[in-house]
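Colleague: I am new to this structure and would like to go through it by question and answer. Please keep the replies plain.

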Amino acid sequence: MQQNRQTELLIKELEEKYGEERTSMLVEYMDMILEKNQYINLTAVRDRDEALQKHIADSLSCDFMEEYEAAENVIDIGTGAGFPGVPLAIVSPDKKFTLVDSLNKRLRIIDELTGELGIKNVTTVHGRAEDVGKSKEHREQYDICVSRAVASLDVLCEWCLPLVKKGGYFVAYKGENVSRETEDAANAIKLLGGKIAEIRKVQTEEESISGHVLVMIKKVKNTPSKYPRQAGQARKNPLR
Ligand code: SAM
């Protein structure tokens, strides 16, 4: 298949890090999503080279961190077509992944495609983050919660921090201009038992992804039981 120079570099970089088999699973997952995207709206990115950079490379940026390496289980809030959860699950077969979205249609596609690729460490959960965060099965059960392109940081903290175990991390995938969002989220982070540990710039060896940051929030205290508030409240009236 025709691909540009940046994609060739990305694939070489992935093969060196993860081996040929996992790299071809990553590329195949993206190809299958683009195929499905012709019939059901999964991503605004339609160009294959762009999709590999924007969805696969960006999703994997978490895998450069030692806090992620140490995690046994990971939850992805607002996973959509499986980003960043599915690429991370492909390269981390020893970790368990729970992928949450309020739109069941997208989750059924993830189930179908992960089944076809033989990916065994992914479970999908249909529901709103606010409800999942209240359930005993999921609350404070995860070493890492990730979320990409879902909501502003103050809203996301209320959805994600309740799911993280004390000592674990919420990792928000954000654009470069995140300082305003972190200022707005400062009070929410404190109220919910978190502390910003680091804001890490994302850069791969081949500079195939740049301009993104990972906001790493450490869970230092348990989240008070009143959070998350009822579904819809965090967006309507973010904790400030
Ligand atoms: N994370 C994916 C990515 O990076 O491509 C998808 C991003 S998409 C823009 C946002 C997703 O968040 C949608 O699939 C939407 O259904 C989901 N979402 C929005 N509000 C949510 C909520 N309260 N609970 C769970 N999922 C939610």
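Colleague: In which pocket does the ligand sit?

Modeller: This is a predicted model, and what follows is computed from it. A molecule sits in a pocket if more than half of its atoms lie within 2 Å of the pocket's grid points. By that rule, the place of the ligand is the largest pocket.

Colleague: How many residues surround the ligand, and which are the closest?

Modeller: A residue is taken as near the ligand if one of its heavy atoms lies within 4 Å. The shell found in this way has 17 residues, and the closest are Gly 78, Phe 83, Asp 101, Arg 106 and Arg 148.

Colleague: How do the residues of the shell divide into nonpolar, polar and charged?

Modeller: Gly counts as polar in this division, while Asp and Arg count as charged. The shell comes out as 6 nonpolar, 5 polar and 6 charged.

Colleague: What distance separates an oxygen atom of the ligand from a polar side-chain atom of Asp 101?

Modeller: A polar contact needs a pair of N or O atoms within 3.5 Å. Arg 106 offers a side-chain N or O atom at 2.7 Å from an oxygen atom of the ligand. A nitrogen atom of the ligand has a polar backbone atom of Ala 129 at 2.9 Å. For Asp 101, the side-chain distance to a ligand oxygen is 2.6 Å.

Colleague: With those contacts in mind, what share of the ligand's accessible area does the protein cover?

Modeller: On its own, the ligand has 600 Å² of accessible area. The part covered by the protein is 79%.

Colleague: Is Thr 43 buried or exposed?

Modeller: Thr 43 belongs to the loop between helix H2 (20–36) and helix H3 (48–59). Its side chain reaches the backbone nitrogen of Val 45 at 2.9 Å, and it also makes a polar contact with the side chain of His 55 at 2.9 Å. Because the limit for buried is under 20% relative accessible area and Thr 43 has 6% relative accessibility, Thr 43 counts as buried.

Colleague: Why does Met 65 count as buried?

Modeller: Met 65 lies in the loop between H3 and helix H4 (66–69). Arg 200 is 135 residues away in sequence, yet the two C-alpha atoms are 9.5 Å apart in space. Met 65 is buried because its relative accessible area is 1%.

Colleague: What is the relative accessibility of Lys 95?

Modeller: Lys 95 is part of the loop between helix H5 (85–91) and strand S2 (96–101). Its C-alpha atom is separated by 9.9 Å from that of Tyr 68, with their positions 27 residues apart along the chain. Lys 95 counts as buried because its relative accessibility is 9%.

Colleague: Which residue does a cis peptide bond join to Tyr 227?

Modeller: Most peptide bonds are trans. One cis bond joins Phe 83 and Pro 84, with omega about 5 degrees, and Pro 84 is in the loop between strand S1 (73–77) and H5. In another, omega is about -5 degrees, and the partner of Tyr 227 is Pro 228.

Colleague: Is Ala 149 buried or exposed?

Modeller: Ala 149 lies in the loop between S4 and helix H8 (153–160). Its phi is near 60 degrees, a positive value in a residue other than glycine. Exposed means over 50% relative accessible area; Ala 149 has 75% relative accessibility and so counts as exposed.

Definitions and conventions. Residues numbered from 1 in each chain as written. Predicted model: local features only at pLDDT ≥ 70, side-chain atom pairs only at ≥ 80, totals over all residues. Heavy atoms only, no water. Polar contact = N/O pair within 3.5 Å; in protein donor to acceptor, adjacent residues only side chain to side chain. Areas by Shrake-Rupley, 256 points an atom, 1.4 Å probe, with all protein chains shown as cover. 1 Å grid on protein atoms, 1.4 Å probe; cavity = no way out; pocket = protein on both sides within 12 Å on 5 of 7 lines; lining within 4 Å. Helix = DSSP H or I, 4+ residues; strand = E, 2+ residues; numbered from the N terminus. Buried < 20%, exposed > 50% of the residue type's maximum accessible area, 1.4 Å probe, protein only.
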